[in-house]
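Good morning, colleagues, and thank you for your time. Please have the structure open as I speak.

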Amino acid sequence: MKITEAEFIISAVRPEQYPEDALPEFALAGRSNVGKSSLINRMIQRKNLARTSSQPGKTQQLNYYRVNQKLYFVDFPGYGYAKVSKVQREQFGQMIETFLGDREPLKMVLLIIDIRHAPSKDDCLMYKWLRHYNIPLTIVTTKADKIPKSQWQKHIKMIKETLEADPHDRVVLFSSETGLGRDELWEVLLSQMEE
Ligand code: GDP
């Protein structure tokens, strides 16, 4: 996809701040440091629009990025950060559940998993929420450049098994470093917009 415009819109901490123009939204969920910001930057071909290694304590903040006046990427706070308190963890859970349950323009959630590691408990919980709310999802295994190609399929199998994923769930292999998976992921997003 050719990017003509990509813009940071808002760090929303309350639902009243979410955009009201009803453009389709694609949310990204994953643990801190998994590479969500790098993935957004690679998708929109900007070096630094999405802040890499964003502040982990901000458990309520949804970062909205608008692309080509056509869709939003919504970056969820990274979860699993050790220094986050129990209260913050609960706030995160409530915010995400409300969002997933109510957010009309939400078209799909990209569950971002580091291809090298088994999904965490939080990843598994997120997966279950998505199923529970019946939200279309795509699993994106990022940092693919960090392991040999010969091991990709083995790791994907392990990741799907740990998530107890549906065999039909789509998995996109991605690398923000090399650009692997960018075209495929854009195809997934654009075809979802037509659903
Ligand atoms: P976030 O916390 O999920 O937004 O993660 P970041 O995008 O800040 O990435 C965390 C670290 O992983 C940074 O040092 C990135 O440069 C690195 N990283 C992210 N994606 C990739 C990737 O696909 N390949 C490699 N080799 N490194 C990556």
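I shall take the confidence values, then the sheet, and then the helices.

What we have here is a predicted model. The mean pLDDT of the protein chain is 92, and 95% of its residues reach 70 or more. The model scores are ipTM 0.99 and pTM 0.95. As a general caution, predicted coordinates should not be read in detail where pLDDT is low.

Let me turn to the sheet. Seven strands make up an open sheet with mixed pairing, and their order is β1-β3-β4-β2-β5-β6-β7. At the edges lie β1, residues 6-12, and β7, residues 170-173, each of which pairs on one side only. From one strand to the next, the twist averages 25 degrees. Strands β1 and β3, the latter covering residues 62-67, run antiparallel and are joined by six bridges. Within this pair, Glu7 stands opposite Arg66 of β3.

Which strands does helix α1 touch as it packs on the sheet? Helix α1, residues 36-44, touches β1, β2 (25-29), β3, β4 (71-75), β5 (106-114) and β6 (137-142). The direction of α1 makes about 160 degrees with that of β4. Helix α5, residues 182-193, lies across β2, β4, β5, β6 and β7, and runs at about 145 degrees to β7.

I now come to helix α3, residues 121-132. At 1.5 Å a residue, its 12 residues should span 16 Å, and the end C-alpha atoms are indeed 16 Å apart, so the two values agree. Which residues of α3 are buried? They are Asp123, Met126 and Tyr127. Viewed down the axis of α3, the buried residues fall within an arc of 100 degrees, and therefore they line one face of the helix. These buried residues pack against β2, β5 and α4, the last of these being residues 152-163. On the face of α3 turned away from the buried side, we find the exposed residues Lys121, Lys128 and His132.

The length of α4 can be examined by the same reasoning. Its 12 residues, at 1.5 Å each, should span 16 Å; the end C-alpha atoms of α4 are 17 Å apart, which agrees.

Finally, consider what follows these two helices. Just after α3, Asn134 adopts a positive phi of about 60 degrees. Just after α4, Glu164 has a positive phi of about 55 degrees.

Thank you. I would welcome your comments.

Note on methods. Residues are numbered from 1 along each chain as its sequence is written. This is a predicted model: local features need pLDDT of at least 70, side-chain atom pairs count only at pLDDT 80 or more; totals for chains, interfaces and linings use all residues. Two strands pair if DSSP finds at least two bridges between them. Helices (H or I, at least four residues) and strands (E, at least two) are DSSP runs, numbered from the N terminus. Axes are lines fitted to C-alpha atoms, for helices over the stretch in contact, and angles run from 0 to 180 degrees between N-to-C directions. Two residues are in contact if their C-beta atoms, placed from the backbone, lie within 7 Å. The expected span of a helix is 1.5 Å times one less than its number of residues. A residue is buried if 20 or more other C-beta atoms lie within 10 Å of its own, exposed if 12 or fewer, and partly exposed in between; C-beta atoms are placed from the backbone. The arc is that of the directions from the helix axis to the C-beta atoms. pLDDT is the predictor's confidence in each residue, from 0 to 100.
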